[in-house]
Every structure is written in C-alpha cells, then in structure tokens.
Amino acid sequence: MALIEPTRKNITQFNEHKRFSAPLRLWHWLNAAVISGSLITVLINSTITDDRTTSALMRTELQKAGANINDEQARSAAHALSDSVWGVHIYFGYALAALLLFRLLLEFFQLADQKFIRQMKSAYQKFKITKANRQAARHELTVKTIYSLFYILLIVMAVTGLFLALEDAMEPYKAIRHFVKEVHGFCMYLIIAFILVHIAGVYLAERKEGKGIISDMINGGGAN
C-alpha cells in the first residue's frame with residue numbers, strides 16, 4: 001500500500017515540501033465536488049429513481065389517492081423523473097469538461113517545478129539514474145503514473161460524456177453510441193477505483209507523516 005501514498009517531499013529536492021499553486025488547489029477541490037455530484041446522480045438514478053421501482057411506487061400511491069393510472073402512464077412519469085436527474089448529471093458533465101480544459105491550460109502557466117509533465121519526466125529520470133533515495137524515486141514515479149492514468153480517464157470520460165450529451169449533433173455517429181456509452185460507464189468504475197485508492201493513500205500518508213498532506217492541498221504547503 002505504500003506505493004499509493006502521496007508524499008510531501010519533492011524527489012528532486014529532498015529538503016523541500018511540495019508546493020501547490022492556488023489555481024491547482026481550486027481545480028482539485030472543484031473537480032472533487034463535480035465528480036462526487038456526478039457519481040451521486042448515477043447512484044440516485046440506479047436506485048431511487050430506477051424506472052421499474054419508481055413506476056410501481058407511483059402507480060400504487062396514486063391509486064391509493066384515487067387516481068386512475070395505468071402501467072404505461074406510471075412508467076412515463078417515472079422516466080420523466082429519471083430524465084430530470086440525468087439532466088443534472090449532464091450539467092455536472094459540462095462542468096467536468098470545463099474543469100479539465102482549465103487544468104490543461106493551467107499546465108502552460110504553472111511554475112516550472114509545478115508542471116505535472118515536468119514532474120513526471122523528473123520522476124522517471126530520477127528512478128532510472130538515482131542510487132540514493134531510490135525507494136522515494138520509485139514511490140514518486142508510481143504516484144505520478146497513477147495520476148497520469150487518472151487524467152487520461154478524465155479526458156475519455158469528458159469526451160464520451162459530451163458525445164452522449166450532444167446526441168442530436170452526433171447523429172451521423174449513432175452507430176457507435178452504444179460503444180461510447182459502454183466506455184463512459186467503464187471509465188466511471190475506474191474513476192471510482194482511483195478515488196478509493198487516492199483516499200486510502202492520503203489516509204495512510206497522514207498516519208505516517210502526521211498532518212500535512214491535506215492541509216498542503218488547502219493552503220499550498222511550504223518549505224521545511
């Protein structure tokens with residue numbers, strides 16, 4: 001489990017803490033909120049507003065109230081409720097795509113030692129050539145690789161989500177809609193797995209190093 005734990009140390013400068021810029025910290029917490037909201041809408045639609053469950057409940061309760069409603073009408077009402085939740089999900093998707101674009105643009109304006117691509121390259125080089133602190137180098141490379149995969153997942157998730165949301169505009173590509181939907185759903189499970197691994201890693205790192213990992217992502221961290 002140690003390989004997934006974030007570290008406050010920079011492998012290129014072992015006597016300094018990592019520093020996170022204010023825009024990066026803002027992106028991190030907004031991204032966390034948007035992904036959480038998106039996943040919650042999926043959970044609601046797969047449980048509370050599931051068409052079969054909701055239509056049966058609606059029919060029963062309306063009939064108790066004296067309304068005359070058949071199965072088709074109940075399913076139609078339940079589907080409308082489900083669609084309204086998916087509408088919220090789509091807005092979260094737009095927000096996720098906007099945040100992803102913001103993160104990509106931010107990479108060009110970050111300080112040199114805060115650029116993710118540079119950190120990834122540095123971690124790989126250090127792992128290949130360093131003899132001292134090799135465990136730290138391996139650790140940092142593993143963490144950066146996991147984050148790289150996460151960014152790729154976000155890109156795939158955003159692109160496939162926009163494809164599904166802009167269904168009318170994508171009419172010429174209707175034949176691949178089912179495939180795109182499957183990819184979108186699969187990426188969701190991978191993102192959930194990343195979130196669980198990320199939380200576990202932060203928790204373990206906090207226990208070993210004491211307070212600092214989370215607070216660094218709030219206030220930016222500082223030098224030793």
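**Notebook: Tyr-151 and the core around it**

I started with Tyr-151, which has a relative accessible area of 18% and is therefore buried. The cut-off for buried is under 20%, so Tyr-151 makes it. Note to self: this is a predicted model, and I'm reading everything below with that in mind.

**Entry: the rings**

Next I wanted the ring partners. How many aromatic pairs are there? I count five aromatic pairs. One of them is Trp-27 with Tyr-151, a tilted pair with 5.9 Å centre to centre and 40° between the planes. I looked up where these two sit in the chain: Trp-27 is in helix α1 and Tyr-151 is in helix α5, 124 residues apart. So the pair links distant parts of the chain. Is Trp-27 buried or exposed? Trp-27 is buried, just like Tyr-151.

Tyr-151 also pairs with Phe-150. Why is that pair called tilted? The ring centres are 6.1 Å apart and the planes meet at 45°; planes under 30 degrees apart would count as stacked and over 60 as edge-to-face, so 45° lands in the tilted group. I checked Phe-150 too: its relative accessibility is 8%, so Phe-150 counts as buried.

Which residues make up the aromatic cluster? I wrote down Trp-27, Tyr-147, Phe-150, Tyr-151 and Phe-194, which form one cluster. Trp-27 has a charged visitor as well: Arg-103 lies over the face of its ring, 5.7 Å from the ring centre.

**Entry: the nonpolar core**

Then I turned to the largest nonpolar core, which has 21 residues. Which members touch the most other members? My list reads Trp-27, Ile-35, Leu-96, Phe-150, Leu-154, Met-157 and Ile-191. Trp-27 and Phe-150 are names I already had from the aromatic cluster. For the elements, I noted that α1 (22-46), α3 (71-109), α5 (134-165) and α6 (177-209) each give two or more residues to this core. The top giver is α5, with six residues.

**Entry: Leu-96 and Asn-31**

I picked Leu-96 from that list and looked up its contacts, skipping neighbours within four places in sequence. Leu-96 is in contact with Asn-31, Val-34, Ile-35, Leu-154 and Met-157.

Asn-31 made me curious, and I found it in helix α1. Is Asn-31 buried or exposed? Its relative accessibility is 4%, so Asn-31 counts as buried. What does Asn-31 touch, leaving out residues up to four places away in sequence? I found Leu-96, Leu-99, Phe-150 and Leu-154. That brings me back to Phe-150, the ring that pairs with Tyr-151.

Terms used
Residues numbered from 1 in each chain as written. Predicted model: local features only at pLDDT ≥ 70, side-chain atom pairs only at ≥ 80, totals over all residues. Heavy atoms only, no water. Core = buried A, V, L, I, M, F, W, Y, C linked by side-chain atoms within 4.5 Å. Buried < 20%, exposed > 50% of the residue type's maximum accessible area, 1.4 Å probe, protein only. Helix = DSSP H or I, 4+ residues; strand = E, 2+ residues; numbered from the N terminus. Contact = heavy atoms within 4.5 Å. Phe/Tyr/Trp six-rings, centres within 6.5 Å; stacked < 30°, edge-to-face > 60°. Lys NZ or Arg CZ within 6 Å of the ring centre and 35° of its normal.
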